[in-house]
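I opened this notebook to record what I looked up in one structure, entry by entry. The annotated sites, several helices and the enclosed spaces are taken in turn.

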Amino acid sequence: TAATQPSTNWHLKENARNHHTSKFSSKELIVRRGQAFTVTFNGTEQPEQNFTFIAETGPKPSELAKTQATFGISSTVSKERWSAVLQSTSSGSKSISISSPPNAAIGRYKLSVQTTSSGSSSPESLGTFVLLFNPWSSGDEVFMPNNADCEEYVLEEFGIIFAGTKNHINSFGWNFGQFQGDVLNICLSMLDRSLNYRQDPATDVSHRNDPKYLGRVLSAMVNANDDQGVLLGNWSGNYEGGKSPSSWTGSGEILENWKKSGFKPVRYGQCWVFAAVLTTVLRCLGIPTRTITNFSSAHDADGNLRVDEFYDASGNHLDRGADSIWNFHVWNESWFSRSDLGPSYSGWQVLDATPQEESGGIYQCGPASRNAIKEGDVDLDYDCPFVFAEVNADCMYWNYDPTAGKKTLIFSKSTVIGQFISTKAVGRDDRVDVTNDYKYEEGSTKERDIFKKARKKLGLEDKFDPTAPTPQEIDQKPDISGKFKVAGPLEVGKDLNLILVLANLQSDSRIVHVNMTAWSTVYTRRPVHKIWKDFMSVTLSPKEEKQFPIKIAYAEYHQQLTTDNMIQVTALCHVDGGIQVLVQRDITLDNPAINIQVLGEAKVNTEVDVEVIFTNPIDTEVINCVLQVEGNDLLRGILEMDIPPLKPKEKSSTKFKLIPFETGPKHLLVNFSCDKFVDIKTFKMINVID
């Protein structure tokens, strides 16, 4: 008689509970490696010693590459390889507990069973399942001993990303959504679209047991450079032909769009979007991951641990040279051990999906061990010199004269770069500062020694660098000092009031000629539009400090602003008979507030009203108002609502209904835009009860 196809019970609920995969809404079994799961199948009257199971993944499964395993039923679980243990037998059905080794390749597997007594019959498929990394298992390279950390860095779908400037840190919510919709399948197809897979599929799949390998491959796949990856970067300030980077509120929409378009890069991303999408993908696959924001982040393009910035005589910041200092930059840290470097380099590893510099010929970055960065071990894999520079580079500010092609050093600073390095707290919506995990205290001898050690390892100590300033230039002392103080609110819609404070450090008077400019910039401090310029000559008597109020009216700046709401104000001071002094400040303007009220209790499967309130703070009407709302387990997809124009000072209230479908703490993310204010973001935690 023809054998009947065995029918398989995957025990989805119970296996998912044991494997921390209950948040996936899949009809397919999703389990973690190095841990047993139960399968029951029937239609077989054979004794158990006649069974052989085959688990295989990838296009060319092989025992040698560890992408195929053949195993019978044994009495005990093996830690080293795939094994099966009989749990129970009843009228033609068998319950089997199957375990994978803690270093199995992750991905989609096919499970088949073969019975020996029926001659050489071909194996019968029991179906497919997905195997993920297991941070709860001590044998796994991604093992995280603290359960609260696993909850945050693998299971939490809501995140907070820090941005702004070191003087003014702000934050916004993000929906990682790693368990939503089709995200897992999109992550698996991302692996199959990588350059490595295209070149040699079998070898690529056999390396998918290694978090170092996958982290590096995915840091390349999240940007579109080289491989038609997920997101196309754009830092121009003009985002026509796509969505502006600041308009996204979650990764789900980006990943779904990438798949829907036939895997064409989604327009547009900037650093936090790349980092947030990489967080989603790695958490989805089971690698503990978080986003990190570094303020005053160096982009050292030429690898000399020095960042050069150029200004013309009028104080305009010139977009010249590849180096830059970003107001902030966001990257990732993932948690895994470094068998290639040794135990002291295990733990958090830096990965960066923003396409800044090529590594190994393509735009990818990491994993760089955070401990290696702190200790200046920049010769270790991967990309440590670039990451070390992001948090440690020295800055040189130059005056550049384009007619003579001549540059003069204004001043240099070794304490500017890498400040307030931030990430979200575990289990709370707070900021945690991790600067001390990246470097020793700024200005301490230990920190300077590490900097010298890194320079030495990079061969910079012995090499003459014709572009470097001379010791005389570095030691020159200015006659005056200056700073910009904020005098009033920093809000879009209000005038910007600053005070330029100049102090004469000498005991005789000084004449100072001050060239002032203000430019709107993107967050990378790339100048986009000139807003204002002014000039004055002042005399400072001995040791005198003078204050000069500066006002830049809303009417002057509002049309020039980028979506980052950032303005760079510069005063280049030419001192008669002395050296130039550069006074500078990067300012982030806050958007007006937007308010969410939940009207009543949020109960599962019950309608609840939510009200969003916005008041137009300016003296002109605002039009083209759009409200966008998303939140896992609160609503499906993204809700978009058009709001009628708002007269000056008018308050708008928008109500909509939610029907939450899961209990527990959930986050609602709101994004409001109109012609005068873009991407005003807020979020609210809603506790959904039974």
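**Entry 1: helix H6.** In this predicted model, I began at the N-terminal end of H6, which Asp210 caps. I noted a side-chain oxygen of Asp210 at 2.9 Å from the backbone nitrogen of Lys212. I then asked how many residues of H6 are buried. Eleven of its eleven residues are buried, and I recorded H6 as mostly covered. The buried set includes the charged-end neighbour Lys212 as well as Arg216 and Ser219.

**Entry 2: helix H3.** I checked H3 in the same way. H3 is also mostly covered, with seven of its nine residues buried. I listed Val183, Leu184, Ile186, Cys187, Leu188, Met190 and Leu191 as its buried residues.

**Entry 3: helix H7.** I looked up which residues of H7 (residues 251-260) are buried, and found Ser251, Ile254, Leu255 and Trp258. These four lie on the same side of H7, because they cover an arc of only 95° around the axis. I set beside this the general rule that an α-helix has 3.6 residues a turn, so residues three or four places apart point the same way. What do the buried residues of H7 pack against? I found helix H3 (183-191) and helix H6 (211-221) among their partners. The other partners are strand S11 (168-175), strand S12 (231-233), strand S13 (266-269) and helix H8 (271-285). Just after H7, I noted that Gly262 takes a positive phi of about 75°.

**Entry 4: the annotated domain.** I consulted UniProt, where an unreviewed entry gives the annotation "domain: Transglutaminase-like" for residues 263-355. Over residues 263-355 I read 16% helix and 44% strand. The end C-alpha atoms of this stretch are 18 Å apart.

**Entry 5: the annotated active site.** The unreviewed UniProt entry places the feature "active site" at Cys271, His329 and Asp352. These positions are spread over 82 residues of sequence, yet they cluster in space, with a largest C-alpha distance of 9.9 Å. I located His329 in strand S17 (residues 324-336). Asp352 is in the loop between strand S18 (347-351) and strand S19 (368-369).

I next asked whether His329 and Asp352 are buried or exposed. His329 counts as buried because its relative accessibility is 0%. Asp352 has 2% relative accessibility and therefore counts as buried.

I then followed the contacts, leaving aside neighbours within four places in sequence. His329 is in contact with both other annotated positions, Cys271 and Asp352. Its further contacts include Asn294, Gln356 and Glu390. Asp352 touches Ser219, His329, Val330, Trp331, Gln364, Cys365 and Glu390. Ser219 is one of the buried residues of H6, which ties this entry to the first. I also noted a polar contact of 2.7 Å between the side chains of Asp352 and His329.

**Entry 6: the annotated binding site.** The unreviewed UniProt entry gives "binding site" for Asn392, Asp394, Glu442 and Glu447. The four are spread over 56 residues of sequence but cluster in space, the largest C-alpha distance being 12.5 Å. I found Asn392 in helix H10 (residues 384-392) and Glu447 in helix H12 (residues 445-457). Asn392 is buried, with a relative accessible area of 7%. Glu447, at 3% relative accessibility, also counts as buried.

Beyond neighbours within four places in sequence, Asn392 is in contact with Ile417, Lys439, Glu447 and Phe451. On the same basis, Glu447 is in contact with Asn392, Tyr440, Glu441 and Glu442.

**Entry 7: the second largest pocket.** I recorded a volume of about 830 Å³ for the second largest pocket. Its lining comprises 35 residues, of which Tyr397, Phe411, Lys413, Leu582 and Gln584 lie nearest its centre. Elements that give two or more residues to this lining include S17, strand S21 (406-413) and strand S30 (581-588). Which element gives the most to the lining? S30 does, with six residues. S17 is also the strand in which I had found His329.

**Entry 8: cavities.** I counted four cavities of 30 Å³ or more. The largest cavity has a volume of about 80 Å³. Its lining includes Glu152, Tyr153, Arg283, Arg290 and Lys424. Helix H2 (147-155), strand S10 (158-165), strand S14 (289-299) and strand S22 (419-424) each supply at least two lining residues. S10 gives the most, with three residues.

Methods
Residues numbered from 1 in each chain as written. Predicted model: local features only at pLDDT ≥ 70, side-chain atom pairs only at ≥ 80, totals over all residues. Heavy atoms only, no water. UniProt positions renumbered as here; feature names shortened; annotations may be inferred. Buried < 20%, exposed > 50% of the residue type's maximum accessible area, 1.4 Å probe, protein only. Contact = heavy atoms within 4.5 Å. Polar contact = N/O pair within 3.5 Å; in protein donor to acceptor, adjacent residues only side chain to side chain. Arc of directions from axis to C-beta. 1 Å grid on protein atoms, 1.4 Å probe; cavity = no way out; pocket = protein on both sides within 12 Å on 5 of 7 lines; lining within 4 Å. Points joined across faces, edges and corners; volume = space filled by probe spheres on them.
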